[in-house]
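The exercises below are meant to be worked with the sequence and the model side by side. Try each task before reading its solution.

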Amino acid sequence: MTNGTKISGFLLMGFSENHHLQLLHALLFLVMYLLALTSNTIIITITTLDQHLQSPMYYFLKQLSLLDLSFVSVTVPQSIGNSLTGNGYISYGQCMLQVFFFTSLAWAEVAILTVMSYDRYAAICFPLHYELIMDPRTCKRAVVAVWVSGGISGILYTTATFSITFCKAKVIHQFFCDVPQIVKLSCSHDYLAVIAVDVLIAVAALACFITIALSYLHIFSTVLRIPSAEGRSKVFSTCLPHLFVVSFFLSTSICAYLKPTSDYSTALDTLLSLFYTVIPPTLNPVIYSMRNEVMKGAIQKLMLGVDKLAYNPSSSAVGPWPEGLRLGSPPQALTGRPKAQRQWGGESTQASRQEMLPKLCLVTNHKRKSTHPRFPPYQARCQNRVENCRRADVEDKTPDQLNEYH
């Protein structure tokens, strides 16, 4: 312990000083890291290469996977190396970089989850205005804001943390440079700047959580109005895990950063750090993607060359939502005509349908004289819009009236 004050860097104690437990820790972390690395890389690859997965939902999902991949790579590889070598030393500069990237990516992850919840809210509650609300420029600006806000958070934490005067042994009872553990090394009151940053970030995180909760509350209220029990259960089984992950990540990180500091480390500190550093990046790909039939179909198509029926590009706008809530689908209350009359181009061949579809979309847009953006380029979604507009009882209505009618 006395040597801790003489080293220029810090000493990470990890989970245990027992060599066998260190090897076990390294093995477990390696397995979780490889799972997170593989799943997030697959998502980034298919959302980049597959032209059917270019809607806002998958654009934000790719950003989340990129953040998860970066976030878990900041702390876990260093911890695995320390456990295998039995040497927990980390230099002052490495610790500073770790604090910056860890806090930056942690806040960026909260921000992107908030944006994703708003995207689902717009897709479900305002399907006819979705392209207008989440146009490409808005999506790009949202992503830029996510990364910039993360960088600001990292700068604030790094500046406040390393302005502290360290007068105790530079021993950190954690497997990475955790800000609360670094604050314990101060013996004066110059750590108040860190507390101020903690409070600021906690308030912002609480605002994000309220936004997410309100978005899903509106989604649930909309879903409860649809008659299909299967559709309701599908949405609930998708949304509830999302809420659980967000609540889990925010509650554990806020608890760890706002918990009163003490001169000794507890098992709770280590457990909380696992909950907000390793588990979320590993679970997010499973909860947000692997339960999505469209994503699973795209993965099978990419790796095996198999084009499953579940791989339906028409659902790419809003993900695994019920048929009655898909973007551009006609409201169930307006589908009173016989199915044979509602089918688009009933007597036409499939080839003639493909030729007529762009013309129908153009004619419909022209006749409606709307300031809203043109119909989506995806043919299946455009087909639904055209069917809706060709109906005699709604053909003269504006997009706003249609949305209100729905």
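**Exercise 1. Find what share of the contacts in the chain between residues at least 6 apart in sequence joins residues at least 24 apart.**

Solution. Begin with the criterion, since contact means heavy atoms within 4.5 Å. Among the contacts between residues at least 6 apart in sequence, 75% join residues at least 24 apart. Before going further, note that this is a predicted model, in which local features need pLDDT of at least 70 and side-chain atom pairs count only at pLDDT 80 or more, whereas totals for chains, interfaces and linings use all residues. Residues are numbered from 1 along each chain as its sequence is written, and side-chain values use heavy atoms, with hydrogens and water left out.

**Exercise 2. Describe the chain as a whole: how many helices and strands does it have, what share of its residues is buried, and what area does it expose?**

Solution. Helices (DSSP runs of H or I, at least four residues) and strands (runs of E, at least two) are numbered from the N terminus; the chain has 15 helices and 3 strands. Next, buried means under 20% relative accessible area, exposed over 50%, and partly exposed in between, with a 1.4 Å probe and protein chains only; 48% of the 406 residues count as buried. Finally, the exposed area (Shrake-Rupley method, 1.4 Å probe, with only the protein chains shown counting as cover for residues) is about 19,700 Å², of which carbon and sulfur atoms supply 64%.

**Exercise 3. Work out the order of the strands in the sheet, and say which of them are edge strands.**

Solution. Two strands pair if DSSP finds at least two bridges between them. By this criterion the 3 strands form an open sheet with mixed pairing, in the order β2-β1-β3. The edge strands are β2 (89-90) and β3, each of which pairs on one side only. Strand β1 (residues 10-12) pairs with β3 in the parallel sense over 2 bridges, and Leu11 stands opposite Val171 in β3.

**Exercise 4. Locate the disulfide, give its handedness, and explain which parts of the chain it ties together.**

Solution. A disulfide is a pair of cysteine sulfur atoms within 2.5 Å, and the structure holds 1 of them. The disulfide joins Cys95 to Cys177, with an S to S distance of 2.1 Å. Because the torsion about the S-S bond is about -130 degrees, this disulfide is left-handed. Cys95 lies in helix α3 and Cys177 in the loop between β3 (171-172) and α6 (179-183), so the pair ties together parts that are 82 residues apart in sequence. Cys95 is buried at a relative accessible area of 0%, and Cys177 is buried at 2%.

**Exercise 5. Which residues does Thr114 contact, leaving aside its neighbours within four places in sequence?**

Solution. First place Thr114 in helix α3 (residues 92-125), where it counts as buried because its relative accessibility is 11%. With those neighbours left aside, Thr114 is in contact with Cys208, Thr211 and Ile212. Of these partners, Cys208 is itself buried, with a relative accessible area of 12%. A C-alpha comparison adds that Thr114 and Phe209, 95 residues apart along the chain, are separated by 7.4 Å.

**Exercise 6. Describe the surroundings of Phe166, starting from its place in the chain.**

Solution. Phe166 lies in the loop between α5 (136-161) and β3, and at 17% relative accessibility it counts as buried. Not counting residues up to four places away in sequence, Phe166 touches Phe10, Tyr92, Thr161, Ile182 and Leu185. The C-alpha atoms of Phe166 and Lys184 are 9.0 Å apart in space, while the two residues are 18 apart in sequence.

**Exercise 7. Is Ser55 buried or exposed, and how far in space is it from Pro136?**

Solution. Ser55 is found in the loop between α1 and α2 (56-85). With a relative accessible area of 4%, Ser55 is buried. Ser55 and Pro136 are 81 residues apart in sequence, and their C-alpha atoms are 8.9 Å apart in space.
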